[in-house]
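Reader: Hi! Could you walk me through this one?

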Amino acid sequence: MEEMLNVTQSLVEYTTLICITGVSISLIILLYRAIKGPSNPDRAVALDIIGINLMALAGLIAILLVTTKFNDVILLIGILLFIGTVALAKFLEKGVIIERDMD
Amino acid sequence: MIWAVLLPFIMAMFIPFVDKWRERIHTGFFVTIIPILIFIYFARFLGTGFEPLTRSYSWIPSLDINMVFHLDGLSLLFVLLISGIGALVAFYSIYYLDKSEQLGHFYVYFLLFMGSMLGVVLSDNVFVLYSFWEFTSLSSFLLIGFWNFKKESRYGALKSMLITVFGGLSLLGALVFMTVLTDTTSIQEMISQKQLILNSEYFPLILALLLLGAFTKSAQFPFHIWLPDAMEAPTPVSAYLHSATMVKAGIYLVARYSPMLSSSDWFFIIVSSVGIVTLCWGSYMAVRQVDLKGILAFSTISQLGMIMAMLGFGTKVAVFAAVFHILNHATFKGSLFMVAGIVDHETGTRDIRKLGGLMTYLPITATLAIFGTFSMAGVPLPFLNGFYSKELFFDASLHLEDIANAGFIGVLKTALPYLAVFGSIFTFVYSMYFFFGTFRGKANLSELPKKPHEAPVGMLVSPIILVLGVILIGLFPGMVNEPFIAHAASAVKGLAVSKEVYFWHGFLYPPLIMSITVLVFGTVLYLSRKQWAPVYRAIPGVLSMNKVYDGLVDRLETYSSRVTKAYMNGSIGRYVRLVLAAILIVTFAFMALTGGFTVDLSNVAPLSLPEIFVAITMVIAAVSTILTNNRITAILILGVVGYGLSMLFVLFRAPDLALTQLIVETVTVALFLLVFYHLPKLRKKEEAASTRFLNLVISIGFGAMMTMVAISAHSSKFFESISSYFLENSYKLGGGDNVVNVILVDFRGLDTLFEIVVLGIAAMAIYGLIKLPGKKEDQ
């Protein structure tokens with residue numbers, strides 16, 4: 001039983017590490033897109049996906065560290081990403097984020 | 001005695017009230033009373049049996065600064081001059097200044113000056129002396145600039161202020177040195193400990209600073225330039241300040257300290273050579289002047305040089321002659337200034353080229369002038385006091401037995417009599433020029449602005465009294481000798497000095513031969529004045545100390561504005577560069593000097609794969625932020641750095657920090673985007689390659705420095721951190737599991753409070769910036 005548990009534990013650990021590596025590679029590729037562009041919408045989308053990857057990374061690290069404290073972080077990233085991306089999109093579309101009321 | 005010094009100051013406070021009645025009674029009458037009272041008070045001390053006396057009044061006892069007044073022969077001579085001539089000048093000014101002038105201002109300045117001058121000569125405490133000394137500079141500044149609507153007045157006032165205050169500050173330096181060395185603030189006690197100062201290694205510095213103060217105040221070469229420009233003051237001021245009192249403050253200082261300093265050879269060398277050069281230069285330049293007061297100004301410079309030279313000789317005869325000449329010069333020069341004022345007042349001009357033949361129009365003034373000028377020239381007549389002091393001067397210059405013969409001193413000793421005669425010849429020339437140019441010759445009334453007529457009686461009273469003084473001292477030199485001058489000379493020399501003054505010593509008396517030489521050569525030079533006038537085009541030609549002064553002031557302004565502009569160019573980039581470079585240099589130097597850089601790897605945690613990944617991502621993003629030239633790209637990539645940082649917080653098990661960092665990062669990016677529209681296009685700044693290289697060096701250096709500091713800080717832990725206390729007590733004392741939050745609101749709640757305040761202030765400031773209307777020109 002104990003052996004089984006140990007195997008599972010190391011299996012989880014290795015899987016997590018592999019996943020982290022995968023996410024990290026994807027992060028770096030996304031970083032290339034964010035830096036290179038060529039246009040700003042490209043960067044915006046890249047930033048959005050970087051955020052999602054960060055959520056994944058935070059989740060994976062939470063597994064690795066065996067803690068539940070990071071669940072807030074994951075949810076927060078989700079909300080902020082949404083807000084941020086909407087703001088960016090609105091900015092790219094209209095040039096402003098908060099429109100003034102009609103005069 | 002303190003009341004004698006304070007009386008002018010107290011009266012100065014009442015002048016504005018008295019000034020209201022000026023239509024009925026001239027303000028000057030009230031002012032005249034004060035010096036008369038002071039004169040009477042001090043005249044009581046005169047007499048052969050005079051003994052020095054000291055009065056002490058507390059001021060700042062804890063610093064040993066007290067109002068200590070010491071009245072000895074020298075102070076007595078000066079207070080009588082100050083109060084006596086002060087009374088005469090105040091009386092003269094009643095007739096000289098019209099009621100339409102700002103009489104209130106004039107007399108307030110005048111009384112301030114008189115009080116501070118009395119303070120200078122009576123103070124025994126060096127700091128009180130210095131306070132009054134600066135007060136004379138200040139009130140003299142105000143008096144010179146009395147007609148402040150004139151540009152020349154303002155220029156003259158500023159010039160005299162700069163030069164005398166420069167000297168005053170160096171005097172303060174000398175006084176502080178001496179106070180520290182002798183541990184007393186009393187002049188008399190300093191003199192009694194003179195060996196301590198003479199043997200000190202700072203003695204050359206003390207001597208230089210003290211003499212600098214005295215020379216600037218007493219208009220010695222090359223600091224004489226302020227005196228001719230101070231002639232823009234009203235004539236009573238010139239008569240009082242610039243002939244009798246203030247310019248003698250430097251003389252007084254040298255005389256006061258000469259019991260201490262005169263045992264040094266350097267004192268002899270500096271004081272007598274500066275004095276004799278001033279004598280020659282002043283009298284030479286006086287011949288060239290065309291303004292009556294200009295002649296008198298250079299004459300004053302030259303006579304002060306003569307007194308200074310005699311103090312420098314330091315022999316008994318010389319010291320006696322010096323104090324005697326202080327008295328004589330005050331009498332005849334005061335009267336001559338008043339004569340110049342009368343001529344100006346009655347003809348409307350002081351230009352000697354326009355004047356001439358005034359003898360028949362101003363007979364009394366001419367009579368006064370003849371006594372004054374002949375006394376100044378030292379003409380051998382038995383009723384002129386100037387002759388006695390001049391003869392004593394020649395005598396002193398011939399008898400310098402006390403002085404060693406070696407080296408430069410020997411040369412100086414040989415040259416002194418010749419230089420004395422040389423200077424005196426020119427003294428004779430300008431004296432004759434002053435008198436004959438103004439009162440003799442052809443009168444050309446058409447060129448004069450006013451038709452000349454004799455001055456009112458009131459205006460003549462003061463010069464008549466002064467000329468009476470000239471004649472009485474001339475006739476009976478013994479009268480002032482024993483009861484008065486001898487005490488002053490003793491105070492300067494530090495031992496009993498008395499000298500009988502005779503008019504006649506026989507034909508073969510060398511000073512008489514020198515006087516006659518002066519007379520003969522002076523007459524010849526005066527008559528052939530027109531022929532040798534071109535000499536002035538060669539010497540001094542275009543050379544002038546005024547040019548040096550003007551150039552110095554100009555350069556100082558130009559260069560200091562250049563220096564300021566060199567670093568204060570308004571570019572934030574430059575200021576940041578300077579600040580960072582300064583921090584860099586100081587930190588590196590400190591680390592290098594103290595060997596503060598330590599590396600200790602014993603306490604280092606292992607690196608994990610995710611940390612490396614996040615770090616690499618952040619580095620790439622940060623570097624590409626620098627390299628991009630599109631602002632929105634920069635903002636977005638900066639976002640990557642921020643998110644990377646929050647991921648690091650996650651990795652280092654700081655969920656609260658990670659949450660906050662995420663929100664702040666998002667808000668910051670949003671804010672950037674908000675103001676993005678209003679921001680200028682991000683362009684590559686056109687900067688010189690050297691500046692960009694410098695920027696690179698500084699930023700890399702700064703990064704390296706911070707890294708080094710961080711490594712050193714981590715490597716040198718001297719004691720345990722207190723975090724264990726928080727971990728243990730968070731639940732027990734704070735009632736919370738979340739240690740970070742318990743610290744924020746419970747253990748260290750005050751910090752949180754003020755960070756909330758900071759946010760509130762920032763919010764209000766932003767609101768204000770947006771909503772409040774700016775100035776018109778900004779819109």
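Author: Happy to; we can talk about the contact between the chains and then one helix, keeping in mind that this is a predicted model.

Reader: Great. How many residues does each chain put into the contact?

Author: Chain A brings 31 residues and chain B brings 30 residues.

Reader: And what area is buried between chain A and chain B?

Author: About 2,900 Å², with carbon and sulfur atoms giving 88% of that area.

Reader: How many salt bridges are there across that interface?

Author: The rule finds 0 salt bridges between chain A and chain B. For residue pairs in polar contact, with both at pLDDT 80 or more, the count across the interface is also 0.

Reader: Which helices of chain A supply the side that touches chain B?

Author: α1 (2-36), α2 (40-65) and α3 (71-94) of chain A each supply at least two residues of that side. The largest share comes from α2(A), with 10 residues.

Reader: How do the residues on that side of chain A divide by type?

Author: There are 23 nonpolar, 5 polar and 3 charged residues on the side of chain A that touches chain B.

Reader: Switching topic: what caps the N-terminal end of α5(B)?

Author: That would be B:Asn125, which has a side-chain oxygen 2.9 Å from the backbone nitrogen of B:Phe127.

Reader: Nice. How many residues of α5(B) are buried?

Author: In α5(B), 14 of the 19 residues are buried, so the helix is largely enclosed by the rest of the structure.

Reader: And what span should helix α5 of chain B have?

Author: At 1.5 Å a residue, residues 126-144 of chain B should span 27 Å, and the end C-alpha atoms of this helix are 27 Å apart, so the two agree.

Note on methods:
Residues are numbered from 1 along each chain as its sequence is written. Chains are lettered from A and ligands numbered from 1 in the order in which they are written. This is a predicted model: local features need pLDDT of at least 70, side-chain atom pairs count only at pLDDT 80 or more; totals for chains, interfaces and linings use all residues. Side-chain values use heavy atoms; hydrogens and water are left out. Contact means heavy atoms within 4.5 Å. Buried area is the accessible area (1.4 Å probe) that two parts lose on being put together, summed over both. A salt bridge is a side-chain nitrogen of Lys or Arg within 4 Å of a carboxyl oxygen of Asp or Glu. A polar contact is a pair of N or O atoms within 3.5 Å; within protein, one must be able to donate a hydrogen and the other to accept it, and residues adjacent in sequence count only if both atoms are side-chain atoms. Helices (H or I, at least four residues) and strands (E, at least two) are DSSP runs, numbered from the N terminus. Ala, Val, Leu, Ile, Met, Phe, Trp, Tyr, Cys and Pro count as nonpolar, Asp, Glu, Lys and Arg as charged, and the others, Gly among them, as polar. The expected span of a helix is 1.5 Å times one less than its number of residues. Buried means under 20% relative accessible area, exposed over 50%, partly exposed in between (1.4 Å probe, protein chains only).
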